[in-house]
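Please look over the sequence and the model below before reading on. The text starts inside the protein and then moves to its pockets, its helix contacts, its salt bridges and its surface.

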Amino acid sequence: MARYFSSVWKIRYFWTHLALSDLRARWRRSYFGMLWTVLQPLGLTALLSVVFGKIFHSDIADYAPYILSGIVLWDFVTASILGGCLSFVQADAYIKQYPHPLAIYSLRTILTNLAVFLCANTALIIWVLLWKPQNFGWSWLAVPTILPLLVFIAWPLATILAYIGARFRDLPPALTLVLQALWFVSPIYFEPKIFRGAGLDALVDGNPIYHLLQIVRAPLLNGEWPSLANYGFACATAVGLSVLAVLVGSLSEKKVIYYL
């Protein structure tokens, strides 16, 4: 395994170049370019905060950054899952020519989405600084810790899905249905108290999305440190997915070329 990751590191200039190329292609001939990563979530936040704010009788000034944080993370999750399952399929030309470790192609997807996530988060940070400056403090040091957790959760998950997606091309539409269901049972736009009030605590406490969101929301929106339970659940998820990705890769890496 150490040898495998050593091979990944040796060709770091290749997969970083692929990620940067994806970013350039994403906004080629676009007038606003990467600014869309801020404008899109802000526009959706403005709409949803007004609608849901009135439905749930919430203060829009407090509810809007809550929704924005959910949108930014959810966009990363969906892009990583749907893009991850196509990582090998879209890189078939490289895979057929070069015997590089296949995990670099799912890593390429994750790095591209992570760059978008970072840009979108600037809007959230600026919003909180302007509207809730009292929350700024030492607890904000916890916010950057979300980045390695996202990588070590999303990368193995995307790799697993890439192996499955190379064999079964129906995976993307099937995952779209799964993600729609996951959206409704996650505290992305709906506050945890709504789930808890209905006796659905398990949809919060056992949901990795909730714990990842808390690592961002607790410092920015409440001026508090994330709990050890948030980090423990996120780390356990990363370890579990990494072990599974290693097992799937050891069984399937040499077979992928026959599916492409």
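The model shown here is predicted. When the whole structure is searched for cavities of 30 Å³ or more, one is found. The space in this largest cavity is about 40 Å³. Which residues line the largest cavity? They are Ser69, Val72, Leu73, Phe117, Asn121, Leu124, Leu212, Leu213 and Val216. Helices α4, α7 (103–131) and α12 each give two or more residues to this lining. Sorted by class, the lining of the largest cavity has seven nonpolar residues, two polar ones and no charged ones.

Next come the pockets. The largest pocket holds about 420 Å³ of space. It is lined by 16 residues, and those closest to its centre are Met1, Tyr4, Ala245, Val246 and Gly249. To find the pocket in the model, look for α1 (2–10), α8 (146–167) and α13 (228–252), each of which supplies at least two residues of the lining. What is the make-up of this lining by class? There are ten nonpolar, four polar and two charged residues in the lining of the largest pocket.

The second largest pocket has a volume of about 330 Å³. Its lining is made of 19 residues, with Val77, Ile81, Leu157, Leu182 and Ile209 nearest the centre. Five elements can be traced around it: α4 (60–84), α8, α9 (171–184), α12 (208–222) and α13 each give two or more residues to the lining. Helix α8 makes the largest share, with five residues. By class, the lining of the second largest pocket counts 16 nonpolar and three polar residues, and no charged residue.

Helix α13 can also be followed through one of its residues. Gly240 is found in this helix. Is Gly240 buried, partly exposed or exposed? Its relative accessible area is 40%, which lies between the limits of 20% and 50%, so Gly240 counts as partly exposed. The C-alpha atom of Gly240 is 8.9 Å from that of Ile153, although the two residues are 87 apart along the chain.

Another pair of residues that are far apart in sequence involves helix α2 (residues 12–26), where Ala19 has its place. Ala19 has a relative accessibility of 7%; this is under 20%, and therefore Ala19 is buried. Its C-alpha atom is separated by 5.0 Å from the C-alpha atom of Arg108, and their positions lie 89 residues apart in the numbering of the chain.

Arg108 leads on to the salt bridges. How many salt bridges are counted in the model? The count comes to five. In one of them, the side chain of Arg108 meets that of Asp22, with 2.7 Å from N to O. This pair links distant parts of the chain, since Arg108 belongs to helix α7 and Asp22 to helix α2, 86 residues apart. The two partners can be compared with the cut-offs for burial. Arg108 is buried because its relative accessible area of 15% is under 20%. Asp22, at 25%, counts as partly exposed because this value lies between 20% and 50%.

Arg196 and Asp205 also meet in a salt bridge, at 2.9 Å from N to O. Arg196 is partly exposed at 32% relative accessibility, and Asp205 is partly exposed at 36%. Which residues make up the network that includes this pair? Arg196, Asp201 and Asp205 are linked in a network of salt bridges. A further salt bridge joins Lys193 and Glu191, whose closest N and O atoms are 4.0 Å apart. Lys193 is exposed because its relative accessibility of 58% is over 50%.

The last stop is on the surface. A nonpolar patch of about 480 Å² is made there by Leu44, Leu47, Val50, Val51, Ile55 and Ile60. Which helix supplies the largest share of the nonpolar patch? Helix α3 (residues 36–55) does, with five residues. Leu47, one of the patch residues, is found in helix α3. With a relative accessible area of 53%, Leu47 is over the 50% limit and so counts as exposed.

Note on methods
Residues are numbered from 1 along each chain as its sequence is written. This is a predicted model: local features need pLDDT of at least 70, side-chain atom pairs count only at pLDDT 80 or more; totals for chains, interfaces and linings use all residues. Side-chain values use heavy atoms; hydrogens and water are left out. Patches are made of residues with over 30% relative accessible area and no salt bridge: like charges are joined within 9 Å, nonpolar side chains (Val, Leu, Ile, Met, Phe, Trp, Tyr) within 5 Å. Accessible areas come from the Shrake-Rupley method with a 1.4 Å probe; for residues, only the protein chains shown count as cover. Helices (H or I, at least four residues) and strands (E, at least two) are DSSP runs, numbered from the N terminus. Buried means under 20% relative accessible area, exposed over 50%, partly exposed in between (1.4 Å probe, protein chains only). On a 1 Å grid over the protein atoms alone, a cavity is a set of points where a 1.4 Å probe fits but cannot get out, and a pocket is an open set with protein on both sides within 12 Å along at least five of seven lines; lining residues have an atom within 4 Å of a point. Grid points are joined across faces, edges and corners, and a volume is the space filled by probe spheres set on the points. Ala, Val, Leu, Ile, Met, Phe, Trp, Tyr, Cys and Pro count as nonpolar, Asp, Glu, Lys and Arg as charged, and the others, Gly among them, as polar.
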